[in-house]
Amino acid sequence: MGAVILPDLGTEILIPACAVIGIVFALFQWLIVSKVKLTAGIDSSSEPAPKNGYNDSLIEEEEGINDHNVVLKCAEIQNAISEGSTSFLFTMYKYVGIFMVAFAILIFLFLGSVEGFSTSHQPCTYDETKMCKPALATALFSTISFVLGGITSVISGFLGMKIATYANARTTLEARKGVGKAFITAFRSGAVMGFLLAANGLLVLFITINLFKIYYGDDWGGLFEAITGYGLGGSSMALFGRVGGGIYTKAADVGADLVGKVERNIPEDDPRNPAVIADNVGDNVGDIAGMGSDLFGSYAEASCAALVVASISSFGVNHEFTPMLFPLIISSVGLLVCLLTTLFATDFFEIKLVKEIEPALKKQLVISTALMTIGIAIVSWIALPSTFTIFNFGEQKVVRNWQLFLCVAVGLWAGLIIGFVTEYYTSNAYSPVQDVADSCRTGAATNVIFGLALGYKSVIIPIFAIAVSIFVSFSFAAMYGVAVAALGMLSTIATGLAIDAYGPISDNAGGIAEMAGMSHRIRERTDALDAAGNTTAAIGKGFAIGSAALVSLALFGAFVSRAGITTVDVLTPKVFIGLLVGSMLPYWFSAMTMKSVGSAALKMVEEVRRQFNTIPGLMEGTAKPDYATCVTISTDASIKEMIPPGALVMLTPLIVGIFFGVETLSGVLAGSLVSGVQIAISASNTGGAWDNAKKYIEAGASEHARSLGPKGSDPHKAAVIGDTIGDPLKDTSGPSLNILIKLMAVESLVFAPFFATHGGLLFKI
């Protein structure tokens, strides 16, 4: 087998040290952003400001005015957005907290009943010659890790939202000094969220494993089975965050667009539009808080899937601590790599022109992937024995350390390919989106047809990338290979999240500039930041969906092993009916979320119309709209509407497992994975393409774009309709589907002991 170069003590120091470095780096970035002041700087006006000091930061250098009113206006708008976001998340967490307590009790009761709540030791699942801790202990520790995962997920989302609402107005103010300054402020703020989330997830998981080890001792199979609750907690919170936040943001967005831009012909984010604050709040609760929880869930589940398989392989059987924690070491090195990569955007190179923004963000992905490949090679060499065995459906498969390196690397590079294909199909710099924009000449119908076709076509290459990475990683290291391939894809999560969070921050900054009545030139700069952010958000969604496919396959493998199924035979009716039902679930789920956005948007449109019709002086800009009512409509609708889709995802595995048994459930999981990935990619890319086709016409940067514009022209109106249809696709249904496929798989894994013992009631009659 060969010895491991990195000693156990080294692992015990390396993992928490990397996590702490990540947290410190995040706080350092936050400190730099906080130097942009949001007060009117009364003290600075009494004495002459140093030429390059921070007092200078609020002066519009080009236009030579030191307009304190603008600063105060920005601070006021930022405050309204922050308050709206916080109150929505607190309302949502109240409901989600009730669910968490109820589900925790369910986990304890179901898993405790496997051995009739016995406290005596049981023969181990995978080696009956040894005695393991009682099922009651697994029930208790799974419940604890579920609650921990849920709380970490909620904190991740909440911190992300707080940082984004802190940074949006500061980005607007920095845009007055040039596009480069605004870019760095938005990007640093995104980095705060990325590093805090990645480091917190890693640290909490590492501490939990070490605390559980005190009780479990040598029973590593039981220990890591209990840890799977962490992934379940993370993802179940993410589901409600993504669906609730997605419904909130799109109800406001669709309402604001339809009445404001199409009916009243006023610009986006115009302060006269009553839904404008709700729209900006939505960016934070959906795209930031939801996104943060989602990627945290992916990370937690990928780690759990890898750890479960490792615990029944030679690492776990021989109690080799360092190789056992190989998944966490990958994530630790990933944090250091992302830290170095971030410096390339913030310190090593300076952005001066608009056209440099998107390449700078893309370079982040390429640099982090290249550096991470070297990092994985070093980790595979020092943290793994030269040969070892991996559990492969009842047998032990001999694997070499270089093979495991290839598994992680193939996942990492597949993520990059998916990212770039997504960018090609959603960025208005390339022909697919330009073709969609061109189709607006003949109205909204052709725009919709072209957009749908683009979405379907954009599925092809990502699916091949996922398929190749699954084939390579499974051939080398069975299901463990697939799990570490998913971790490879997620190893640069801090950079991915930084790029992702940058988008909504820039979007908000543009909204604040418009509402504060800042000059046209500043709005152009924030629009340029926002257009680049739109594409990178689509890249982020591509990563999330690709990693979800690998994660759920790895969890599926762990579930099949734990449930004692040797083969999943599609030809048996039990499995085939499961496949059919599983493939249908993403459609059912999408229907629910789309309709929820539609009905919430309907209420919003009616309210916005009512205000325009009944408040005298609103269109003239002499009266203020009632923003609070629109915020309340979005909040109430999203809280009410997030429950049915959430219940569908959480209850399906329980119902199928209890009544139809593990074989049918394995069919359901396979079916939902296969169809869910396709719908998620096409929905996200269709919506992204429509959005950027509209922005392409609005920007008028090329001769072709100018022939379709300007704002308010018929092609532009057709583009707005396409963008409005795409909103729920790209920000609600698409991103929520990757949680559906992961969550059902991890839930099935957690409940596998119960289903294997007591499941399949209908077939036992």
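Start with the whole chain: 65% of its 765 residues are buried. The model is predicted, so every value here is computed from predicted coordinates.

**Whole chain, cartoon view.** Colour by secondary structure to pick out 24 helices and four strands. The radius of gyration is 26 Å, close to the 27 Å that the globule rule gives for 765 residues, so the chain is as compact as a globular protein of that length. Turn the C-alpha trace along its principal axes, where the span is about 80 × 60 × 45 Å.

**Contacts.** Next, show contacts between residues at least 6 apart in sequence; 84% of these join residues at least 24 apart.

**Surface.** Switch to the accessible surface of the chain, which comes to about 26100 Å². Carbon and sulfur atoms account for 68% of that area.

**Nonpolar patch.** Now select Leu651, Ile655, Phe659, Leu761, Leu762, Phe763 and Ile765. Together they form a nonpolar patch on the surface, with about 680 Å² of accessible area. Which helices each supply at least two residues of this patch? Select α20 (643–660) and α24 (761–764): these are the two that do.

**Phe659.** Finish on a single residue of the patch, Phe659, which is placed in helix α20. Is Phe659 buried, partly exposed or exposed? Its relative accessibility is 35%, and because the partly exposed class lies between under 20% (buried) and over 50% (exposed), Phe659 counts as partly exposed.

Conventions:
Residues numbered from 1 in each chain as written. Predicted model: local features only at pLDDT ≥ 70, side-chain atom pairs only at ≥ 80, totals over all residues. Heavy atoms only, no water. Patch = residues over 30% accessible without salt bridge, like charges linked within 9 Å, V, L, I, M, F, W, Y side chains within 5 Å. Areas by Shrake-Rupley, 256 points an atom, 1.4 Å probe, with all protein chains shown as cover. Salt bridge = Lys/Arg side-chain N within 4 Å of Asp/Glu carboxyl O. Buried < 20%, exposed > 50% of the residue type's maximum accessible area, 1.4 Å probe, protein only. Rg over C-alpha atoms; globule rule 2.2 N^0.38 Å. Contact = heavy atoms within 4.5 Å.
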